[in-house]
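Me: Got a minute to go through this one with me? I'd like to start at the ligand, then move on to a sheet.
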Amino acid sequence: MATKQAEQWKLEQDDSRIAWLTLDRTESSANTLGRQVLEELDQKLAEIEEMRPKAVVIRSGKPGGFIAGADIKEFTEITDRDQAETVIRRSQQIFSRLEDLPMPTIAMIHGFCLGGGLELSLACRYRIASDDPGTRLGLPEVLLGIHPGFGGSVRLPRLIGPLGAMSLMLAGRTVTARSAKKLGLVDYAVAERHLENGARSLAENAPPKRRLPLRERLAALPLAKPWVAKLLRRNVAKKVREDHYPAPYRLIDLWLDFGRDEAANYNAEAASVAELITGETARNLVRVFLLQEQMKSLGRSDASVPQWVHVIGGGTMGGDIANWCALQGMTVTIQDLDPERLGQVVKRAATLFRRKLKQESPVRNALDRLIPDPDGHGVAKADLVIEAIFEDADTKRELYRQIEPRMREDALLASNTSSIPLEELAKALKRPERLLGLHFFNPVAKMQLVEVISGPDTKPEHLQRGAAFVHAIKRLPLPVKGCPGFLVNRILMPYLLEAVTLVEEGVDPAVIDQAATDFGMPMGPVRLADTVGLDICLSVARILANHYPIEVPGKLESMVADKRLGRKSGRGFYDYGSNDKKSSNEGVAVPTEVTDRLILRLLNEVVACWREEIAEDADLLDAGIIFGTGFAPFRGGPMHHITTSGPEQLASRLRELEQNHGSRFTPDAGWEELSSK
Ligand code: NAI
């Protein structure tokens, strides 16, 4: 048969009459399930029905992954509910055709098996997975604001029981092959080299049907279901609100309504996903996903990636940066004036490596890559020197004068400063063109964003190398123009200071925090200030106050003077005693005025940054703020939020606040430009 177009699926039958159906998407390094791939699968299934092999094994032609999920870019092309439902129903039919094949069908899984990829495996009779650390199975759809739609929400509870299925689907959690075996999600977890034989053996000898554990059988009883659903809802409600993130709630409703009629169950699943996928939350979460991909691509370039990193300053940030780099495979030397600090860094490293790497030999190797270097021998060897010493321009300049002559010709120098403009630091250097900012956030192991800041003389190729380095250590690089506070701190500070002003005026901190979390922030500003440390907030605020029209509230000054520094000193705006429990304010009435004052100060600064082109465009500005501050992802980013809410309305609300509270609310000049767009 003449092939019109490169085939994504290959079907071969071997001597023992096993058909091997291999997915290897052309022009893509990972397998995803787009419409074309699914239609082609349907044709192959028709061929298999004719061919009548003894068994079918579905596998991937990619070395590192099975199927990463549905093609997310195609989501953005779906505009209306009916169209969505038709597309989903069609995919469901193809998977049902696979499920209905009369011979044993086996999914042979190595690497990522996520979303639609796992749903395809669920439509097979058996699953065998490699126990490689890179193999992950899961249904992470809720993270994109939807839930499984290719039959997964029906088949998974049936296969492993509702409790196990819901714990995977509601959190979008992924599991290793071994955990998947325990859950009953795969029949075998074996070493990669045994996969093929394992698949053959499944084809020849059907394993006995696994009986669901008692608690799973009980939870699936019609009488128990409403109680289970209530419990699940309660647990979900602790994490996300229904109006912000409806998908997990819809998934519970769906399961509760599932009955014996399978066709009706699939229809209900399709209708529910069609509703969600065309809703605001899913659209915005898909947007955030694509923004994240865009940031990753900024770090992919031909630039040579630094491999040896020398970190100076082994405090909170330097220690964590060094440890993270070693974890990601870099050779790291770490220097500090205080040798005790270096001991603490290695101790923290051991904890981090054990938590992340689990097995002994990778932990040992990572520890070997982290070299305490009190005398700074690494300066002369490193491709990249990261400075993370005290936030004091003179001290930093003095250090740069000492190290510059010893650095390699081609090495980069990066500062982790949070607020000192790079031009002030560049003065100390003979070759300021290789100075850049790499601004990590605390805690490094959790915060994905790293601002890549250009100084007045930084060469573009060095910024490229900086971004490539950030990508290599699995963080998200955001190139930003140098300005006081850069992007994230500059935007956060007015919002945090407004919160302090509100406390000064007598508003309960818990109400202020509630206003922010109701809006969708992951943590309220008062608690955030306590967590960052009020001394750090104060020092950043003072520096920013020299450049922007912000005032430092007296309350912040007096609390720092009283040594009430926040969480680290046991007391800040909140008390952090032994029973440090977040008090819940659910249901507390929050005055709109409080929300508006907080959010509009933040948005006003966002608009100023947009006007000044601090990030390359509005999309990257949104990306940076979402990943740097946790700004309500379901709103798609602050610029997107401004556009969808209407810039005119927001600007006029700012003018009202300006009248009542003064010039800190004066709308930035950028609002006018946005309104006229
Ligand atoms: P830190 O006070 O915890 O650590 C600073 C370390 O540098 C100390 O261990 C000190 O002994 C060492 N040090 C000072 N001068 C030195 C020198 N000349 N040579 C070698 N070691 C020296 O400070 P932290 O919080 O880690 O901050 C470091 C830098 O990172 C600052 O520029 C800060 O603005 C920035 N930063 C801090 C964040 C935070 O949340 N703490 C977040 C992002 C950036």
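Me: Which atom of M317 lies 2.8 Å from an oxygen atom of the ligand, backbone or side-chain?
Reply: A backbone N or O atom. Bear in mind that this is a predicted model.

Me: What about T316, how far is its backbone N or O atom from an oxygen atom of the ligand?
Reply: 3.0 Å.

Me: And D336, which kind of atom does the job there?
Reply: A polar side-chain atom of D336 lies 2.6 Å from an oxygen atom of the ligand.

Me: How much of the ligand's accessible area does the protein cover?
Reply: The protein covers 87% of it. On its own, the ligand has 830 Å² of accessible area.

Me: Which elements give two or more residues to the shell around the ligand?
Reply: Helix 14 (316–327) and strand 16 (435–440).

Me: Which residues come nearest to the ligand?
Reply: M317, D336, E391, K396 and S418, out of 21 around the ligand.

Me: How do the shell residues divide into nonpolar, polar and charged?
Reply: 8 are nonpolar, 9 polar and 4 charged.

Me: OK, over to the sheet. What is the order of the 4 strands?
Reply: 4-6-8-9. The sheet is open, with mixed pairing.

Me: Which strands are the edges?
Reply: Strand 4 (65–67) and strand 9 (174–175). Each pairs on one side only.

Me: How do strands 6 and 8 run, parallel or antiparallel?
Reply: Parallel. 3 bridges join residues 112–114 of strand 6 to residues 136–138 of strand 8.

Me: Which residue in strand 8 is the bridge partner of C113?
Reply: L137.

Key: Residues numbered from 1 in each chain as written. Predicted model: local features only at pLDDT ≥ 70, side-chain atom pairs only at ≥ 80, totals over all residues. Heavy atoms only, no water. Near = heavy atom within 4 Å. Polar contact = N/O pair within 3.5 Å; in protein donor to acceptor, adjacent residues only side chain to side chain. Areas by Shrake-Rupley, 256 points an atom, 1.4 Å probe, with all protein chains shown as cover. Nonpolar A, V, L, I, M, F, W, Y, C, P; charged D, E, K, R; others polar. Pairing = 2+ DSSP bridges.
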